[in-house]
Number of protein chains: 2
Amino acid sequence: MKITLSQLSFHTGNFAENTSKIISAIQEAELLGSDIIVFSELATCGYPARDFLVFDDFINQALESITSIAKHCTKIAAIVGSPRVNNLSKGKALFNAAYFLCNGEIAHITDKTLLPNYDIFDEYRYFEPNKNFEIIAYKEFKIALTICEDLWNIVENPIYPTSPMDELIKQEPDFIINIAASPYSKTQIAERQKVLQSNALKYQIPVFYVNHIGAQTHLIFDGGSCVVEKNGAIIHELAYFKEDTKSFEIIKNSESIDVIVANPSKSRERNQLKDIENALILGIKQYFQKLGFKQAILGLSGGIDSALVCYLACKALGNENVWAILMPSQFSSQHSVDDSVKLVQNLQIKHDIIPIENTFQSFLNSLHEFYKDTPFGLAEENLQSRTRGVILMGLANKFGHILLNTSNKSELAVGYGTLYGDMCGGLSVIGDLYKTEIYALCEYINKDKEIIPSNILSKAPSAELRPDQKDSDSLPPYEVLDALLNNYIEEEMGPTQIIQAGFEPNLVQKILRMVNMNEWKRWQAPPVLRLSKKAFGPGRRVPISGKYLS
Amino acid sequence: MKITLSQLSFHTGNFAENTSKIISAIQEAELLGSDIIVFSELATCGYPARDFLVFDDFINQALESITSIAKHCTKIAAIVGSPRVNNLSKGKALFNAAYFLCNGEIAHITDKTLLPNYDIFDEYRYFEPNKNFEIIAYKEFKIALTICEDLWNIVENPIYPTSPMDELIKQEPDFIINIAASPYSKTQIAERQKVLQSNALKYQIPVFYVNHIGAQTHLIFDGGSCVVEKNGAIIHELAYFKEDTKSFEIIKNSESIDVIVANPSKSRERNQLKDIENALILGIKQYFQKLGFKQAILGLSGGIDSALVCYLACKALGNENVWAILMPSQFSSQHSVDDSVKLVQNLQIKHDIIPIENTFQSFLNSLHEFYKDTPFGLAEENLQSRTRGVILMGLANKFGHILLNTSNKSELAVGYGTLYGDMCGGLSVIGDLYKTEIYALCEYINKDKEIIPSNILSKAPSAELRPDQKDSDSLPPYEVLDALLNNYIEEEMGPTQIIQAGFEPNLVQKILRMVNMNEWKRWQAPPVLRLSKKAFGPGRRVPISGKYLS
């Protein structure tokens, strides 16, 4: 039997486009002699569809999509993820289903059992967990069909009381199919492969895995669909960060199932920086595509953050679609402009210089009556940042560009940014990268030739909002700050544990306090492309008016 | 036996303050001869604690709080809500528990069974559902202790497969105690009382109900704790929108339980507008208190929205703590200033006038090279709004005020507001009130004397960002718009249903498209005080880059 794994990019709510892509893939697989083709989780409606799922109309469209796809499954079977109505008198309104389409109709439906409801996941908000376990007989094979999280309860202290495979294995399936929507993070690829390998080894059958690829606002899905043999070996990985399709021959022997693949692409050591770069490029690209925009605008400060975002935008959108604006003030050093000009020359993009001194002065004049007896401080710094924000939005609005935000995770964490100023933008590109990670990524990007001017990498970071300002005036060195923040945010360690890990108690108290007190700013931050296991945004839900560690 | 219901305001994460309040209430109740005192759900840590719950340190502090409270329960028992660690090898890390404290120790623990995970609720993110059902014997009584949602599965198509009371009733309890954190909405008080009455009638025993009171960022808890007799009659309601404590005598007869209360406050017809006013005042007041701020600033446009917010701020913070800024431009009508001045005179608050023409012109000069061949449009309108936003934030930052946002729900819905302009602010006060509701509330406020100048209520709404602009130029009449929006947002009706309800198909398509296309703006909106069953914010989770109805 020939099985085809089809790793496609879907657009949430765009049923016409998604359905058409699925049908085309079915027709191509049929032409190639495939017996069954597998698509990712909730393929018809896209993942995550979030509160679109509450609309009857939305669910009806998903069912219409399945009905029309089924008609194309006469000579080939297909497995397609789609939401479906729970017709029982009890429980939540929907199931997260995998449809098995065959002979032109719906031959079988498997619902998802384990519903992730942590981090960015809200599946228990919408779906009732499955309680029926039945394998699918197709041709000479018995298939254990599972959906994403269904395979993930394979740890020592499981968060779910049951594991679907423990039930399905009793019916002696020949192999596992898992359809997924597993978003990228720096640690996710390794963890995901370990989970799939553990399942193959535990149940002693191969696993066919199809993941979603594409970006949905803040979430990036990396793909990396694969086949794992029963000995735990990954015999083929599909592409990462792009669409891909691959077919495999499955042969049933007396003792076992053999999987044969032409030109296998074996699992290899991954380069994390390359993955991050690809993830961010995909994230920008699909955000623009899906919203129907082509052009980006951003402010270049002469610093490393905006330089990196500028480079990534060029890779995602083409350098002809990126417009860089330099907005020097009386506090800007000459190298800020020079370094930015060098960058735009390297990238060959359009740029303009719009000094902000006059408008900043106009604000100061308007506020003079109130400011006159006070020292120059944060309020005056914020005025400059907000003047720049207004100029950038003024150009974005006038010419139909999306403003890219250039805040990094370190500054978002401690509130070292101006709300409605440098925190403006439709998408936060690097808001899930600590400053130290940004340096590492820029060094990687520069590995073959200098794209980001070396002076940008070597000078001390500064917001340049008052004379001779340096980040280090008010923050500890980024190596210390970022390690501390990582313990608190990603590792979810409390103050005691962080102190035990070797950080100075007063510093721990100060930084945790800064993080918690600045939640009100992050509430209003743009969506942040997620790269870590705990990004700011919907995956981290913290009270603003709480009093914990603040 | 004497039972005391203690309806208190708690501050999320502020264990010292919450614990101290609980202990004081226990001591007072003991002095009054009470046998048992009942506090609301998750009283030690506040509700909702959201992702603070992931920190071991946070959970440890909650347990320390319980331990220290227990020491004060020697002559009196207490029921206190608090999170606790799940010590089983499977399941989520925590339970949402009610501690029964007696004889100076933890005598019993009841965990929550039904975990709401819809709208603003995320309880399944943190908690494992309870599966053990045991009543509590205390003095001569048997108590069925339940937690909030545990009583809410009493409908025809329940979303949970089981109801805890169906189990507990088998052990023949004498009455139900329910500790809750049930947030206010316009429809919630009636629905909540119906649920409590249905339980009393179904199980034929009295219900003692203690709800949380206070505001947690966007959520307002109204209190309204009460006692329901087994015949469904509410014999006493505690206060709404403020702390309250009340004791009741429970007498066991051969056939039934009698509840006796001195000076009963019977359930009465509520005034919804009065409730909304009180809810918003409480929301503002506690947002400031809990963040340690005293003073508010806001921009007065001469329109009804900012006038209402200004009035509410005065009621919440005192008129000496509210600073109104008038920022006319060349497009502002004279009545905008006159009406605003009349309002600040009525409210007796400080105000200043800061014209924006010069700074707006300075922006136009900076952008002239780019704007020169384009018509005056949305970009120029946004510039004015953002200039005002920068001025307000410049004063807020300089003098330690919180800027109050004055956007209404109608404009948030259709995107008729400027991000980083009039959408600025730390808290959206009326972002869950449609424009028509705002008129009704202002009329109510003016019922005894003219507080909001009548000209503000009678003139046509306008953003005044270009000559002779009116809201009605680009939007349908608010009566139509708001009714349509309510069907889509609160009632979650899809386009077909809304058209069936009598709205014009083209208008439905246009408005739904506007709502969905403006999700990117609402993502960056301030927290909105929740008044309806579906407010913008964490209770409504919609993709930005989706393609549904857009």
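In this predicted model, chains A and B meet through 77 residues of chain A and 77 residues of chain B. On the chain A side, the elements that each put in two or more residues are α2 (56-70), α5 (272-291), α8 (357-371), α9 (378-399), α14 (495-500) and α16 (519-523). Of these, α9(A) chips in the most, with 14 residues. Sorted by class, the side of chain A that touches chain B comes out as 35 nonpolar, 27 polar and 15 charged residues.

Then there is the matter of how the two chains are arranged. A turn of 180°, with a shift of 0.0 Å along the axis, lays chain A on chain B with an RMSD of 0.0 Å. The two copies are therefore related as by a two-fold rotation axis. The C-alpha of A:Gln524 is the one in chain A nearest that axis, 2.1 Å away from it. As for the interface itself, 100% of the interface residues of chain A are also interface residues in chain B, so the copies meet through the same surface.

Looking inside a single copy, chain A splits into domain 1 (2-269) and domain 2 (274-472). The centres of these two domains of chain A, taken over C-alpha atoms, sit 40 Å apart. Where the domains touch, domain 1 of chain A brings 10 residues and domain 2 of chain A brings 9 residues. On the domain 1 side of this contact, β10 (213-216) and β11 (219-222) of chain A each supply at least two residues. That side of domain 1 of chain A, facing domain 2 of chain A, is made up of 5 nonpolar, 3 polar and 2 charged residues.

Definitions and conventions
Residues numbered from 1 in each chain as written. Chains lettered and ligands numbered in written order. Predicted model: local features only at pLDDT ≥ 70, side-chain atom pairs only at ≥ 80, totals over all residues. Contact = placed C-beta atoms within 7 Å. Helix = DSSP H or I, 4+ residues; strand = E, 2+ residues; numbered from the N terminus. Nonpolar A, V, L, I, M, F, W, Y, C, P; charged D, E, K, R; others polar. Least-squares fit on C-alpha atoms with pLDDT ≥ 70 in both. Domains from an automatic or database assignment.
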